[in-house]
Amino acid sequence: MDSILETQRKLHEERERTIDTIVKEVMSEKKTHKAKINSEQRVKQLVDRYHGCTEGLERLYEDLDGARKREMNAIAGPNEFAEFYSRLKLLKDAHRRNPDEEMADPERPEIDMVQFTDEEGYGRFLDLHALFVQYINLKAIKRIDYITYIGQFEKFADIPRNTTKKTGAYKEYLLALKAYLASFIERTRPMFDIHEEFNKVTRSLRMRNDIIIFVINFF
């Protein structure tokens, strides 16, 4: 088992190597749409990896259980040389058993980094077929074809309020549409924080509602 100090050293090294790989990935040429999406997916994984190392370092430096302090005291104690050579031997054995991990090569052949349906064309198009079936089966909805639906699926104001919007099926449709669009954005734009955008919209709506209630009560 690695010592606290060795674990910290590894995490610092891992962060530096991860940053270097991110830079190489971002600077590499993306010749196709698939290559661009795959690159963004790799960068997202590397960023998550970097944050994971940072969180690990924060926990170790906080030293809530005092393990790091005890280790530092052992190194600085009366038997510091014996402790030093003992730890050095452990480090050499560990490095011999676990040579440095090779980071991903940005020039590798492209493989699928994320799943898309055939209709989505690896993130080029939306595949709304399942949602279209839900939509045309809603109460009081006019029968239209798929192409027409694609051109108007976001026009919620045109959907009948007193019939369609009051049904449970309509709520299920909206939730399914939201889930699909969020999933599509996460797959095609992994560095875009869609959940934070949802939170911003929620906060904005709550603030607007609070203002409306205040105005109504005031006047």
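Is S39 buried or exposed? At 4% relative accessibility, S39 counts as buried, because anything under 20% relative accessible area falls into that class. This value, like every other one in this report, was computed from a predicted model.

**Around S39**

S39 is found in helix α2, and, leaving aside residues up to four places away in sequence, S39 touches E25 and K30. One of these two partners, E25, takes part in a salt bridge, since the side chains of E25 and R42 meet at 3.0 Å, N to O. E25 lies in helix α1 and R42 in helix α2, which spans residues 33-62, so this pair ties together parts that are 17 residues apart in sequence. E25 counts as buried, with a relative accessibility of 2%, and R42 also counts as buried, with 7%.

**Salt bridges**

The structure holds twelve salt bridges, and three of them are set out below.

| Pair | N to O distance | Relative accessibility |
|---|---|---|
| R9 and E13 | 3.1 Å | R9 33%, E13 27% |
| E25 and R42 | 3.0 Å | E25 2%, R42 7% |
| E120 and R187 | 3.0 Å | E120 1%, R187 13% |

The pair of E120 and R187, whose side chains meet in a salt bridge, links distant parts of the chain, with E120 in the loop between α4 (80-97) and α5, R187 in helix α7, and their positions 67 residues apart in sequence. E120 counts as buried at 1% relative accessibility, and R187 is buried as well, with a relative accessible area of 13%. Salt bridges that share partners also join E6, R9 and E13 into one network.

Within that network, R9 and E13 both lie in helix α1, four residues apart, which is about one turn of the helix. R9 counts as partly exposed at 33% relative accessibility, and E13 counts as partly exposed at 27%, because both values lie between the 20% limit for buried residues and the 50% limit for exposed ones. R9 can also be placed relative to a residue further along the chain, for R9 and L57 are 48 residues apart in sequence but 9.3 Å apart in space, from C-alpha to C-alpha.

**A nonpolar patch on the surface**

Which residues form a nonpolar patch on the surface? They are I19, V23, V26 and M27, and together they have about 390 Å² of accessible area. One of them, V23, is found in helix α1, which covers residues 4-27. V23 is partly exposed, with a relative accessible area of 46%, and V23 can belong to such a patch because membership calls for over 30% relative accessible area.

**The buried side of helix α5**

Helix α5, made of residues 129-136, has L131, F132, Y135 and I136 as its buried residues. These four cover an arc of only 130° around the axis, which puts them on the same side of α5. What do the buried residues of α5 pack against? They pack against α6 (146-152) and α7 (168-188). Helix α7 has already appeared in this report, as the helix that holds R187, the partner of E120.

Key
Residues numbered from 1 in each chain as written. Predicted model: local features only at pLDDT ≥ 70, side-chain atom pairs only at ≥ 80, totals over all residues. Heavy atoms only, no water. Patch = residues over 30% accessible without salt bridge, like charges linked within 9 Å, V, L, I, M, F, W, Y side chains within 5 Å. Areas by Shrake-Rupley, 256 points an atom, 1.4 Å probe, with all protein chains shown as cover. Salt bridge = Lys/Arg side-chain N within 4 Å of Asp/Glu carboxyl O. Helix = DSSP H or I, 4+ residues; strand = E, 2+ residues; numbered from the N terminus. Buried < 20%, exposed > 50% of the residue type's maximum accessible area, 1.4 Å probe, protein only. Arc of directions from axis to C-beta. Contact = heavy atoms within 4.5 Å.
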